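The following note collects points on strand pairing, cysteines and enclosed space for a colleague at the bench. Please read the points beside the sequence and the model.

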Amino acid sequence: MGKGSPENAPNLPAEVYISSVSALYRDRRSLFSGTASAIAASLVTGWISGIIWLALCAVPLALTGFVRWLDMNAYERSTSGTQTVADTRRWERRYIVGSSTFAVLLSLWCFLAFALSSDPAVHLVSFAVCLAYMIGITGRNYSSDQLVTFTTACAAIPMILGLLLHLEAAYLFLALVLVPFFLSVRTIATRLRFTLFDAVVASHDLRALATHFDTAVNNMPHGLCMFDNEHRLVVFNDRFTSLLNLDARATWKGQEVVSLLETALEANGVLPGAREAVFAAFREWSGADGSGALILDATGYRILQLTFQPIEAGGFVLLIEDITEKRKAEARIEHLARYDALTGLPNRSHFQEQFEAVIGRGRPCALLFIDLDQFKVVNDTLGHPCGDALLCLVADRLRKVMKSSDIIARLGGDEFVVLRELKGPADEASLVAQRIVRTLSEAFTVDGHQFVIGASIGIALTPRDGTTFEQMLKCADLALYSAKSDGRGVWRFFEPEMDARVQARRAMEIDIRNALDNGNFEVFFQPIVNLRSGRSVVCEALARWRHPERGLISPEEFIPVAEETNLIIELGGHILREACRQCASWPGDVRVAVNISPVQFRRGDVIAAVVSALEGAGLPAHRLEIEITESLLLENTAAVRSTLEKLRELGVRISLDDFGTGYASLSYLHHFPLDKVKIDRSFLQDVEVSSRSRRLLAGVANLSSELGMSVVVEGVETSKQLALLMEQPGVDEGQGFLFSPPVPAAEVAGFLASGRFDFEKVA
């Protein structure tokens, strides 16, 4: 059966089933009147017939009625709180027992009336009372199928048996008629139960649906309302009143839409002068399926999105959404797309838009490309948070030093650009650059740390150097590269020759890559001679590039480009491996010296490269010397010292190359694990004529020697220079064209086999 079926009452909705059982216990008047009528009828029949047994039937009837009255009181007390279906089912069974007991007693009284008395009046009273009780039970207790079935059967069977005791035609006819009558009564009760339960269940479902609908509508994040064909409000939810800032306690149903909107605008502080425009827009939006944005705050803080949906019968449904935060988020996204998140300056794309707008006015402009000189040092030593704080301070200084009409932007990293419209000659751009360099050269303080970074600037002018953003940025970048090459802290204007130099550099980079792929790099070696024995104790490995078109290219041309592009890591690794391989074939007392670029220390894994080269060549570590430059010692000294110490632990010797070129102090000779110092060739330039130069050379050599390091002097080209060196006890070795120029690897073996160098021959 369906959920409305009385035969399956426990499957009814819980509240409907509980309510139907509760109705049985709540009506005490019918219980009292039915019990009183039965007791009275019992007493009357006993008095009329003079049969005491009929009168005594009133006693069990009264007791049963009293017990049922007590049971009703117990039900009322027990159901004061929450009632479950299981509890209700138990109370239903108790009611059925009580009602059926009363029906049996009443029917037995009727049976005794027919069995003990022949008085038609007694028969009529007992029959009428029982029949009325049975009909009353059916009408009152139709909600319980079990109750109707039990009570009807309990009342009908004794009555029929009593009638059958009299074999008269009238009594027999009544007995026969009672059977279909009782069945009809039960059928009527069943149909009534079907009809009423279906109606109750449908009503319950409708109320539940309405409740769910109200709950859903009132918990929507959107405001919802419906207007009829006269544009009067008929349905709305709680969110509608809160979004429009309307009093939720007021009666808004029936309000005309214009009047309602007027109240909302006034409640939200919209000035009267702005309301007419709102009304006009509202009429346009509501005329068809569409939407619009409505600002309902005098400050413009709250923005509501209105969506209209016409109804076929007339009127429309209005959906209201608060899009304030959505618009704010869109504005933030738009700002992030156009401005640098760190400094708040325009980013590259927004700067390009502003650049094109300024250029479109036809005024000459200067584009200044600014790069911070020592920013990387700050970032590496103090960390990125400190670096970010420094960039913000730089942006603030640029804002203060520039005019309000200037456009300042951050392209990324430590690169900034400034666009200025020029009202005079190009010298104005020089003054601007000078002012920027000066203000950025002043000390910065971040988190208690004070430092000076400085800046270099490249300048491009319109329309001389270009008119598009990409052209101008390229020219300013080339000028900036030139400024940095000239010593930093300066500014340079773009010149066409700069582009030619860059193109040549790029061509050189491509050629270096191709040369590495094609094996065009060779290793030459220059001997280093012991000034006491005349023997070649070390050969320095030098890279040479044999270009297929240009011939042999000097390292001064390609080494700087290789270092700038990080190709030096691959090139240096190739030179190191080839030098170790060649040295393995030399006499066991001859070592090889290989230069390691600072870029290899910074970007590559020097330890792994050295170990791999030694193992690949089968060369003992003590036969390898690593030459480093003074500039390396200015970088991350802790990391450099650690790497050098690991190399020393392997057995590799460390040599400081080009000592005295202007970077290193004498303290480095003490703080770093060095085995050899190579004094730069510049010390020999005046040594033949200047006693001061000789004393300087002698002082550096003696100091190095006293610190336990051997000393090599580079650039020995004349016999007089050699004679002066041999007079210095602190100088151990010499290197230069006087002994031998760099020679190909194939010629080294012959040079070493020729024996000691003849000092007397060159004297």
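1. Strands, as the term is used here, are DSSP runs of E with at least two residues, numbered from the N terminus. Two strands pair if DSSP finds at least two bridges between them. In the hairpin of β13 and β14, 5 residues lie between the strands, and G534 takes a positive phi near 80°.

2. The basis of the note should be stated early. The model is predicted; local features need pLDDT of at least 70 and side-chain atom pairs count only at pLDDT 80 or more, while totals for chains, interfaces and linings use all residues. Residues are numbered from 1 along each chain as its sequence is written, and side-chain values use heavy atoms, with hydrogens and water left out.

3. Strand β14 covers residues 536-547, and 11 of its 12 residues are buried. Buried means under 20% relative accessible area, exposed over 50%, and partly exposed in between, with a 1.4 Å probe and protein chains only. The strand is therefore described as mostly covered.

4. Which strands pair with β14? Strand β13 (residues 521-530) does so in the antiparallel sense over 9 bridges, with Q526 standing opposite E540 of β14. Strand β16 (residues 591-595) runs parallel to β14 and is joined to it by 4 bridges; here A541 has V594 in β16 as its bridge partner.

5. Strand β15 (residues 551-553) also pairs with β14, in the antiparallel sense and over 3 bridges. W545 stands opposite I553 in β15. The connection between β14 and β15 is a hairpin through 3 residues.

6. Strand β8 (residues 415-421) is largely enclosed by the rest of the structure, because 5 of its 7 residues are buried. Strand β6 (residues 365-372) pairs with β8 in the antiparallel sense over 7 bridges, and A366 has R420 in β8 as its bridge partner.

7. Strand β7 (residues 407-412) is antiparallel to β8, and 5 bridges join the two. I407 is matched with L419 of β8 as its bridge partner. The hairpin of β7 and β8 has 2 residues between the strands, and in it G413 takes a positive phi near 60°.

8. How many disulfides does the structure hold? The count is 0, a disulfide being a pair of cysteine sulfur atoms within 2.5 Å. For C110, the nearest cysteine sulfur is that of C130, 3.9 Å away, and C110 is in no disulfide. C110 is buried, with a relative accessible area of 0%.

9. C580 is likewise in no disulfide. Its nearest cysteine sulfur, that of C583, is 7.2 Å away. C580 counts as buried because its relative accessibility is 0%.

10. The model has 2 cavities of 30 Å³ or more. On a 1 Å grid over the protein atoms alone, a cavity is a set of points where a 1.4 Å probe fits but cannot get out, and lining residues have an atom within 4 Å of a point. Grid points are joined across faces, edges and corners, and a volume is the space filled by probe spheres set on the points.

11. The second largest cavity holds about 70 Å³ of space. It is lined by R535, S536, P587, V590, F751, L752 and G755. By class, this lining has 4 nonpolar, 2 polar and 1 charged residues. Ala, Val, Leu, Ile, Met, Phe, Trp, Tyr, Cys and Pro count as nonpolar, Asp, Glu, Lys and Arg as charged, and the others, Gly among them, as polar.

Key:
1 Å grid on protein atoms, 1.4 Å probe; cavity = no way out; pocket = protein on both sides within 12 Å on 5 of 7 lines; lining within 4 Å.
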